[in-house]
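Work through the exercises below with the structure open beside you. Try each task before you read its solution.

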Amino acid sequence: MSQFFSQAILIAAVAGGIRLAVPLLLAALGETYGQRSGVLNLGVDGVMLLGAFGGYFTVLELGNVWLGLVVGVGIGAILGLATAFISVTLGAEQGISGIGVYLFGLGMSDLLFQKLVGTPLPIESFPKVPLPGLSSIPVVGEMLFQHSLVVYAAFLLVPISTFVINRTTFGMNIRAVGENPEAADSVGISVARVRYATVLIGGILAGVAGAALAIDLGIFQQNLTNAQGFIAVALVYFGAWRPLGVMGGALLYGMVNSIVLQLKTLGIIPRSWSDIAAMAPAVITILALVLVARRFRQPAALAKPFVRET
Amino acid sequence: MLELRGIVKRFPGVLANDRVDFSVRPGEVHTLLGENGAGKSTLMKIVYGLYRPDDGDVLVDGRPVEIHRPTDAIALGIGMVHQHFMLVDTLTVAENVAMGMRSSRRPLTDLDVVADRIEELGERFGLPVDPHAVVWQLSVGQRQRVEILKALYREARLLILDEPTAVLTPQEADQLFDTLRAMTADGRGIIFISHKLREVLALSDRITVLRHGRVVGEVDDVGAATRESLAEMMVGRQVKLAPDKDQARPGEPRLRIRGLRVQGDRGVEAVCGVDLDVCSGEILGIAGVSGNGQRELAEAVAGLRRPSGGTVTVDGVELSTASPADTHAAGVRYISESRMREGAIGAFTVAENLLLVDHGDRRFHRRGLFDDRAIEEHCRHLVDQYQVKTPALDTPVESLSGGNIQKLIVARELSARPNVLVASQPTRGVDIGAAEYIHAQLVAERDRGTAVVVISEDLDEVLALADRIAVIYEGRIVDIVERTDANRETLGLMMAGGHPTSR
């Protein structure tokens, strides 16, 4: 056990945890926008998977990681619009339609992978960009400031999202629509437009999250996300629909995951146990969810389609 | 400023508005009066852009306009305070007011500017409210102020208020009237919808009465109108607003409540130590603004909610821990305030609903199965006796009017010849005609020797029915007065938590 606490390994564990938290953080922030406006999107994992394949395939063919991210954005936007159409325009039951989107993403990403790639080939990953000055702080610098631009950007989105939700008219409209769409409608706010916007943001961030995951790992395989999209949905509840709370949840998950990985690599967890250990992040996240999330109230109109009475 | 000419609105099978003419001048309160389903709300929804008229013209300042949606109405200077508030509970007052308005600092909000304006408007029209308070923390009266401020902030010159006083204490209603007078003095027009005749008379400059979608009367000289004359126009025949009743001859106490404590739905104590005695042959009225423990008190007596302390005794039998069935067996019957949630099952037929409580009674069974003939006879008898207007016994209750559903519930509960009857808001949302009938039945029940408890937010109803009046506030009985000693002002004060000063 003592070797785990050597400085090098501790730094690696924390830095790894931050990296692993990024796809979850992106997807969960996107889901936060949707849920604050009253749309529960359970299809996040499917969007992530397609974004992951799109990103992976682009980098494989064109060799440019940023183009890979752009493709993730595109795929996320398309699926986001489709989700918005289903849940806002058609007013479908959101829990069920989300599972449909998930299954579509799960199957489609694997099909495309089998047809277009076949054998998994490794791809280039994001370059690390140590932040000048900050990265040379001992220990902390190595943990926090020697990451790729994607990692910085993802964490930068947290204060940005908090600001957007709380300080802008767009954010005020999101909150109003998620709590009382009738009231918002009665003063001329278009409930549909606000929800399309938030679901589109959610789709884009989920697509980017998937692409970032695949490019970061440098590989694609069937069900690459391992249900991280569902964890992301859970993290929104865990974070009480606040970006900062969501970040806390994503970091918790990332850290536990990273520590388990380190313990496995070091052989502290025996090989025969590794499957059980792999469940630890999910189990801990769910436990935390149960303990934390019940104290907060969800948006009153969450998962309720809005139809104006005539 | 607003003129409606020949407005027609049809719904499948109903003519909701039939060539209605209506107008509002600057600086006046024009009341729209009528029973449920008379077409008041439909007409106002047309003005506010929620419905499109099938025929007729809407003119604002003499020019014909098309109002397709609420924002069109707002742009024309028309504001509406809905019966169910259109507020977002988790947002602040300022955010609710600013919602949907162009911010001066787009894309950021300009809530401090909005807050200043709210305070300015609040001062001018007597609508004090903290702009930074979150709406769920506000009382119902304060929320209504926010709704009015929302309309004023949007520069409404014409304000529609849909039954605004239904949720207010008498004092809050008086404050509201002051605000409305300040608005008319400022040259704004008010459309006031209400069926509380007393306040309609006190506030209105003109009154238009609707019945079955048609204008049946216009009162320009409100001073010459009386509650009776208005009620007659609404219903189309003479009505008694207060039932004829003789002096009560109370007998022995049948219902005794001692130190009763009951928890509300959220685990907070809703009834905090109530003592009451109700005698045979008397009606005890419980007056109070809704949400002060009335529902919990009634449910505890009816056996639907287990008290956390104290006793409920009926004819000497202690019932505080009894099951609903045992409570029934002791002769306690309950007319719930929520007709469709607890009083009746909408999808069930008239006959099934009439049998809902007594379906286990041996009279209705034969060889272990329902005896259809006995049931039909019983139900037919009740429907006739209690004047329930229904096409057939197998009509689903949800297709009846509120008044007829209420009569059905009254029929069911009274046919059991109860010892104790608790009637909660017995005529809320019920037509004047049906209310008149239900009141007469409650008085007849009293004269039969039943101990009757009538819980109502409507002070007129309590004053009309009760022999003694208890006022409830925050789970406690403030005071109990004889009907003959009661007056509206002191009761209103007590309903707002003020203690009786001198008696």
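**Exercise 1. Is Asp244(B) buried or exposed?**

Solution. Start with the count: Asp244(B) has 8 C-beta neighbours inside 10 Å. The cut-off for an exposed residue is 12 or fewer. Asp244(B) therefore counts as exposed. Now place Asp244(B) in the chain: it sits in the loop between helix H8 (227-235) and strand S11 (253-263) of chain B. Last, take a distance. Asp244(B) and Ser336(B) are 92 residues apart in sequence, and their C-alpha atoms are 24 Å apart in space. Keep in mind that this is a predicted model.

**Exercise 2. Describe the build of chain A: which elements does it have, and how does its radius of gyration fit the globule rule?**

Solution. Step one: count elements. Chain A has 13 helices and zero strands. Step two: compare sizes. For 310 residues the globule rule gives 19 Å, and the radius of gyration of chain A is 20 Å, so chain A is as compact as a globular protein of that length. Step three: take the box. Along its principal axes, the C-alpha trace spans about 70 × 45 × 40 Å. Step four: look inside. Of the 310 residues in chain A, 48% are buried. Step five: check the contacts. Among those in chain A with a separation of 6 or more, 80% join residues 24 or more positions apart.

**Exercise 3. Do the same for chain B: how many helices and strands does it have?**

Solution. Chain B has 17 helices and 22 strands. Next comes its radius of gyration, 25 Å. A compact globule of 503 residues would have a value near 23 Å, which agrees. The C-alpha atoms of chain B fill a box of roughly 70 × 50 × 50 Å along the principal axes. Buried residues make up 48% of the 503 residues. Of the contacts in chain B with a separation of 6 or more, 67% are between residues 24 or more positions apart.

**Exercise 4. Follow H7(A): how many of its residues are buried, and what covers them?**

Solution. Ten of the eleven residues of H7(A) are buried, so this helix is mostly covered. Among the buried ones are Met172(A), Ile174(A), Arg175(A) and Val177(A). The cover from chain A includes helix H1 (7-36), helix H6 (149-167), H8 and H9. Chain B takes part too, through its H3.

Now turn to the contact between the chains. It takes 16 residues from chain A and 17 residues from chain B. On the side of chain A, helix H7 (169-179) and helix H8 (181-186) each supply at least two residues. H7(A) gives the most, with six residues. By type, the side of chain A divides into seven nonpolar, five polar and four charged residues.

**Exercise 5. At what angle do H3(A) and H9(A) pack?**

Solution. Two packed helices are described by the angle between their axes and the distance between the axes. Take the angle: helix H3 (residues 65-89) of chain A and H9(A) pack at about 145°. Take the distance: their axes are 6 Å apart. The crossing of H3(A) and H9(A) is right-handed. The residues of this contact divide into 21 nonpolar, ten polar and one charged.

**Exercise 6. Where do the buried residues of H17(B) lie around the helix axis?**

Solution. List them first: in helix H17 (residues 488-495) of chain B, Leu491(B), Gly492(B), Met494(B) and Met495(B) are buried. Seen down the axis of H17(B), the buried residues fall within an arc of 165°, so they line one face of the helix. A general rule helps here. An α-helix has 3.6 residues a turn, so residues three or four places apart point the same way. Among the partners of the buried residues are helix H6 (170-185), strand S13 (282-287) and strand S22 (476-482) of chain B. Just after H17(B), Gly497(B) takes a positive phi of about 100°.

**Exercise 7. Which peptide bond joins Arg106(B) and Pro107(B), cis or trans?**

Solution. Check omega: it is about 0°, and the bond is cis. Then place it: Pro107(B) is in the loop between helix H3 (93-98) and helix H4 (111-125) of chain B.

Technical notes: Residues numbered from 1 in each chain as written. Chains lettered and ligands numbered in written order. Predicted model: local features only at pLDDT ≥ 70, side-chain atom pairs only at ≥ 80, totals over all residues. Helix = DSSP H or I, 4+ residues; strand = E, 2+ residues; numbered from the N terminus. Contact = placed C-beta atoms within 7 Å. Nonpolar A, V, L, I, M, F, W, Y, C, P; charged D, E, K, R; others polar. Buried ≥ 20, exposed ≤ 12 C-beta atoms within 10 Å, placed from the backbone. Arc of directions from axis to C-beta. Rg over C-alpha atoms; globule rule 2.2 N^0.38 Å. Axes fitted to C-alpha atoms, helices over the stretch in contact; angles between N-to-C directions. Left-handed = near helix turned anticlockwise from the far one by under 90°.
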